[in-house]
Amino acid sequence: LYRFPLIKINGIPLMCHIANNWNSISAFLPDPSDLLIATYPKAGTTWVQEIVDLLLHNGDAEVARRAPTPQRIPFLEIHSPAPIPAGLDLLEKMDPPRVIKTHLPIQLVPKGFWENKCKVIYVARNAKDNIVSYYHFDQMNKTQPEPGPWDGYIHKFMNGELPWGSWYNHVKDYWLEREKKNILYLFYEDLKENPRREVERIMHYLDLSLSDDVISRIVELTSFKSMKENPMANYSCIPEEIFDKSISLFMRKGVVGDWINHFSPAQNQLFDEDYKRQMKDVNIPFRTKI
Ligand code: A3P
C-alpha cells in the first residue's frame with residue numbers, strides 16, 4: 001500500500017513523493033542560522049540530531065522528552081503523505097534557528113544552504129554496517145521499496161539503486177567538499193568509540209561552551225540504551241502500518257561490526273573488490289570494527 005516507487009532526479013533515485021515535490025524542495029531557502037544534518041540513510045542521523053538538540057538546549061533533559069524527533073527536527077524532503085507533520089510544511093511553521101535533517105546527496109541540497117553559509121554536519125558510517133542497517137530498515141519501513149533477498153540487496157546497494165542513491169558517491173561528495181563548505185564530517189564509529197570526544201567536537205563546531213556536567217548528561221541521554229527507551233527519540237510514534245516493529249525496531253542494535261553476522265565469505269569478497277574500485281579516488285578513514 002505504502003511502498004513508494006522511485007523516480008530519478010539528476011540520476012538519483014528518490015521516493016516518488018519527494019521527486020514530485022522537487023521544485024519546492026530545491027527552492028527551500030533556509031535562514032543563515034539554520035543547521036543541516038546530512039547523512040546517507042542509517043548512518044546515525046537520529047543519534048546526532050539528539051546530540052545537537054541537547055547541545056543547543058544546554059543539556060536540558062526536558063528537551064529529550066519533548067515532541068518526538070520527526071517533529072522537533074524536520075526532514076527536509078519528506079512531507080505528506082508522512083503520518084505526522086514533516087518537511088517543508090512543518091519547517092514553514094517553525095522559527096529559525098531550526099535543525100533540519102536530509103539524506104540528499106550534496107549536489108541536490110538546496111543551494112540556499114550554501115549561499116547562506118549554514119552550518120552542516122555530515123555523519124558517515126562504514127558501508128558494511130550501513131547496508132545491514134538499511135536492509136533491516138527497508139523491511140520494517142513500509143514506505144521504502146521492498147528490499148527483496150539479502151544477496152540481491154547487496155547488488156542494489158553497490159549499484160546505487162536504493163533510495164537516495166549511491167552510498168559511495170554520497171560519502172565521497174561530502175568528503176571532497178568538507179573544507180570548502182565548512183562541513184563537520186563525523187563518523188558513526190568515532191561516536192561509538194568515544195561519544196564524549198565527538199559531543200565536544202560538535203559543541204565546538206556550534207560555537208558553544210557547556211560545562212563538563214552538562215556534557216556528561218548529554219552523553220548519557222544520547223546513549224543507545226537511553227534513546228532506545230525514549231519514546232521521543234525511538235520513533236515509536238510512527239504508526240505500526242508504516243514502521244512494522246514486529247520486523248525490526250528503529251533502534252535496532254546500535255553497534256559497529258554487525259555486518260559480520262550478515263555477509264557470507266563470498267559476499268564479503270565481492271563487496272570488498274567492488275569497494276576498492278568505487279573508492280579508489282579517495283581515502284576516507286572508514287572502520288568496520290573498533
Ligand atoms: P542499527 O540498525 O545498526 O541498529 P539513522 O538514524 O540514520 O536512521 O540510523 C539508525 C541507526 O543508528 C540504527 O543502526 C540505530 O540503532 C543507530 N543508532 C541510533 N541511535 C544510536 C545511539 N544512540 N547509539 C548507537 N547507535 C544508534
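**Figure 1. The lining of the second largest pocket is a mix of seven nonpolar, three polar and five charged residues.** Keep in mind that this is a predicted model. The second largest pocket holds a volume of about 220 Å³. Its lining is made up of 15 residues, and those closest to the pocket centre are Tyr-275, Met-279, Ile-284, Phe-286 and Thr-288. Two elements, α8 (127–140) and α15 (265–278), each give two or more residues to this lining. The top contributor is α15, with four residues.

**Figure 2. The largest pocket offers about 310 Å³ of space.** Here 19 residues form the lining, and Ser-33, Leu-56, Pro-97, Arg-98 and Val-99 sit closest to the centre. Sorted by class, the lining of the largest pocket comes out as nine nonpolar, two polar and eight charged residues.

**Figure 3. The ligand sits among 18 surrounding residues.** Closest to the ligand are Thr-45, Thr-46, Ser-133, Tyr-188 and Lys-253. Split by class, the shell has seven nonpolar, seven polar and four charged members. Both α3 (45–56) and α14 (224–229) supply at least two shell residues, and α3 gives the most, with three.

**Figure 4. A closer look at polar side-chain atoms beside the ligand.** The side chain of Thr-45 has an N or O atom 2.4 Å from a ligand oxygen. For Tyr-188, a side-chain N or O atom is 2.7 Å from a ligand nitrogen. Trp-47 joins in too, with a polar side-chain atom 3.3 Å from a nitrogen of the ligand. How much of the ligand's accessible area does the protein cover? On its own the ligand has 570 Å² of accessible area, and the protein covers 98% of that.

Notes:
Residues numbered from 1 in each chain as written. Predicted model: local features only at pLDDT ≥ 70, side-chain atom pairs only at ≥ 80, totals over all residues. Heavy atoms only, no water. Near = heavy atom within 4 Å. Polar contact = N/O pair within 3.5 Å; in protein donor to acceptor, adjacent residues only side chain to side chain. Areas by Shrake-Rupley, 256 points an atom, 1.4 Å probe, with all protein chains shown as cover. Nonpolar A, V, L, I, M, F, W, Y, C, P; charged D, E, K, R; others polar. 1 Å grid on protein atoms, 1.4 Å probe; cavity = no way out; pocket = protein on both sides within 12 Å on 5 of 7 lines; lining within 4 Å. Points joined across faces, edges and corners; volume = space filled by probe spheres on them.
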